[in-house]
Amino acid sequence: MAKSSNPEGKTGVRIVVAGDRGTGKSSLIVTAATDTFPTNVPRLLPPTRLPEDFYPDRVPITIIDTPSNPEDRGKLAEELKRADAVVLTYACDQPETLNRLSTFWLPELRQLEVKVPVIVVGCKLDLRDDQQQVSLEQVMSPIMQQFREIETCIECSAYRHIQIPEVFYYAQKAVLHPTGPLFDQESQILKPRCVRALKRIFILCDHNRDGALSDAELNDFQVKCFNAPLQSSEIVGVKRVVQDKFVEGVNDRGLTLSGFLFLHALFIEKGRLETTWTVLRKFGYNNDIKLSDDLIPYSSFKRAPDQSVELTNEAIKFLRGVYESFDNDLDNNLRPIEVEDVFSTAPESPWNDAPYKDAAEKTALGGLSLDAFLSEWALMTLLDPARSLENLIYIGYPDDLSSATRVTKRRRLDRRKQQSERNVFQCFVFGPANAGKSTLMNSFLGRPYSDSYSPTTDERYAVNVVELPGGIKKTLVLREIPEDAVAKLLSSNESLAACDIAVFVHDSSDESSWKRATELLVDVAGHGEDTSYEVPCLIVAAKDDLDSFPTAIQDSTRVSQDMGIEAPIPISSKLSDFNNIFRRIVSTAEHPHLSIPETEAGRSRKQYHRLINRSLMFVSVGAAVAIVGLAAYRVYAARKSASS
């Protein structure tokens, strides 16, 4: 397989050379640039440029010499932080300078958070005492074990022109084709993210989906990545190399996935990282082995704050097919290992961490039903459309990505139409501590009731499908807002823009819980009025299995009437009596012009605006009457003048 060309977007490599005074930094740089050993060198060289045709990758290099004086530490740190790669030098005839690598220089790079490849270079090889011959591997192995950022080590002599060009070639190569993301040097295996990317590439190239790359498919792969076909003898040679060392790597249909992975591990072990990097970059991967940003059509989901992003029917149909193909036993239960398999061609499973972990209902066997699987996708699309599209690419979405998502209408337009056509609704769940918010969330996910109380400290999501009358299905996302997080949430003018409906939960047996819930309701309603992001609201009276506090009915009636919203909805999670609460939440969200609470301040503001508008109307009518009167007078005057 051919070598790579210049990686896209890389216009130059900045290599900073550092090390103790007298270790040969300047002589190394001058000899590399001029192919001549200098007899006199200045204390500090100006930046030195190696032209783009100096090395095969055709990327120009700028070499930065650095001062060794303690008083110049600030300038040294500044240069190191701007480096693409660092060359650390020691003198082969001065063992103390080698020790300083692990006692000062490498710890200094870590302290400065310089996270770039490091090339360790032993200079003045010609001056080393022949009586102290020790292999480079013996010397450097302990240091490389401690400092994994070291990409490679090399010894050289500027005076005798030994391995000088190789120093900066390895440094450039470490930037353009880094080992770290691909290969674990200690265990000598491909890293998981690299394996996942190569698996996706293999599947994309396995056109007939028979689990092997035929000769024709191998040739297509070669042309795509390296712009040159393979001869039949070369294909035979590649397969023989794999089969000789790894029998399972080739079968009667061609090169298997394990053989494809073995081949790339072999390239890397032999120092041909550019081959694997060329393949990855041809398929859109960056140095983090993730898809490049330019592959994600961000413009397809530009939106106003009160718009949301949903999957289209085309995307949902594709995901149904994915689910069915990975649900091997067809039991409508995608086990955790099967979910991992779905995302085995992504850098990692996107649902392993919050907010997606444990956000969907689990089956009795601990897996995901089809509805739960699609709910997780709906949640990811709502919260992070780019991530959703990225993972659709990873798992093989075949169509134009612009067909995978749609942006909903603005909620204020839905309010005018008095109907929302959204398929995914987001509900903010407010309430004081121990009111029953988490229990409501758990009930939504089909989890059993528990008497134990554990306060929620972070926001949490729950997502599920809600079936409405007529068999219509909508996806509901519940977002639990801890009581002490409400002030921070409402500090943003657009905090309610993403909210389709808000629910306020209180403990129906606790008067203080009710009072705090109504305070939160007033705060949220007032914020909506101030920012023009008013949202429908419902009050939920939780723990209905307990006796209500004495004035519960009077207080709730007064608040609901004063604010113009529905009376509190009683529920009991303990008794599994939910009073169709989730259907009622969705139904209320579908009619965004109703159930919008009105505060006293909002009511006063509306009355003020009505008064102003009425006054303006009277002024307008008066002005119109005056104008008509003036016009009539002019007509009368004109006629009188004509008759006389």
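Biologist: Happy to look at this with you! Which residues does W377 touch, not counting residues up to four places away in sequence?
Modeller: This is a predicted model, and in it W377 is one of the residues with the most contacts inside the largest nonpolar core. Leaving out residues up to four places away in sequence, W377 touches L311, L319, F343, W351, S388, N391, L392 and I395.

Biologist: Which helix gives the most to that core?
Modeller: The core has 75 residues, and I201, F373 and W377 have the most contacts inside it. In soluble globular proteins, nonpolar side chains tend to be buried together. With nine residues, the top contributor here is helix 13 (residues 370–383).

Biologist: How many residues are in the second, separate core?
Modeller: Among its members are L28, V30, C156 and F168. This core is separate from the 75-residue one, and its residue count is 28.

Biologist: Salt bridges next, please. How far apart in sequence are the parts that D306 and R412 tie together?
Modeller: The closest N and O atoms of D306 and R412 are 3.7 Å apart, and the two form a salt bridge. D306 lies in the loop between helix 10 and strand 12, while R412 lies in helix 15, so the pair ties together parts whose separation in sequence is 106 residues.

Biologist: Of R406 and E310, which is buried and which is partly exposed?
Modeller: Their side chains meet in a salt bridge at 3.0 Å, N to O. R406 sits in strand 13 and E310 in strand 12, 96 residues apart. Buried means under 20% relative accessible area. R406, at 31%, is therefore partly exposed, and with 1% the buried partner is E310.

Biologist: And D507, is it buried or exposed?
Modeller: D507 forms a salt bridge with K543, with the closest N and O atoms 3.5 Å apart. K543 counts as partly exposed at 23% relative accessibility. D507 has 9% relative accessibility, so D507 counts as buried.

Biologist: Which residues are linked in a network of salt bridges?
Modeller: The whole structure holds 33 salt bridges. Some of them join up into a network, and its members are R411, D414, R422 and D500.

Biologist: Now the backbone. Which residues does a cis peptide bond join?
Modeller: Most residues other than glycine have a negative phi, and most peptide bonds are trans. Here one bond has an omega of about 5° and is cis. Its proline, P355, is found in the loop between helix 12 and helix 13, and the joined pair is A354 and P355.

Biologist: What is the phi of N434?
Modeller: N434 lies in the loop between strand 14 and helix 16, and at 40% relative accessibility N434 counts as partly exposed. N434 is a residue other than glycine, yet its phi is positive, near 65°.

Biologist: Where is S595?
Modeller: S595 has a positive phi of about 60° although it is not a glycine. At 19% relative accessibility, S595 counts as buried. Its place is the loop between helix 20 (581–590) and helix 21 (600–643).

Biologist: One last thing: which helix gives the most to the lining of the largest cavity?
Modeller: The largest cavity has about 40 Å³ of space. Its lining consists of V524, A525, G528, E529, E534, V535, C537, I596 and P597, which divide into six nonpolar, one polar and two charged residues. With four residues, the biggest share comes from helix 18 (residues 511–531).

Notes:
Residues are numbered from 1 along each chain as its sequence is written. This is a predicted model: local features need pLDDT of at least 70, side-chain atom pairs count only at pLDDT 80 or more; totals for chains, interfaces and linings use all residues. Side-chain values use heavy atoms; hydrogens and water are left out. On a 1 Å grid over the protein atoms alone, a cavity is a set of points where a 1.4 Å probe fits but cannot get out, and a pocket is an open set with protein on both sides within 12 Å along at least five of seven lines; lining residues have an atom within 4 Å of a point. Grid points are joined across faces, edges and corners, and a volume is the space filled by probe spheres set on the points. Helices (H or I, at least four residues) and strands (E, at least two) are DSSP runs, numbered from the N terminus. Ala, Val, Leu, Ile, Met, Phe, Trp, Tyr, Cys and Pro count as nonpolar, Asp, Glu, Lys and Arg as charged, and the others, Gly among them, as polar. A salt bridge is a side-chain nitrogen of Lys or Arg within 4 Å of a carboxyl oxygen of Asp or Glu. Buried means under 20% relative accessible area, exposed over 50%, partly exposed in between (1.4 Å probe, protein chains only). A nonpolar core is a set of buried Ala, Val, Leu, Ile, Met, Phe, Trp, Tyr and Cys residues joined through side-chain atoms within 4.5 Å. Contact means heavy atoms within 4.5 Å.
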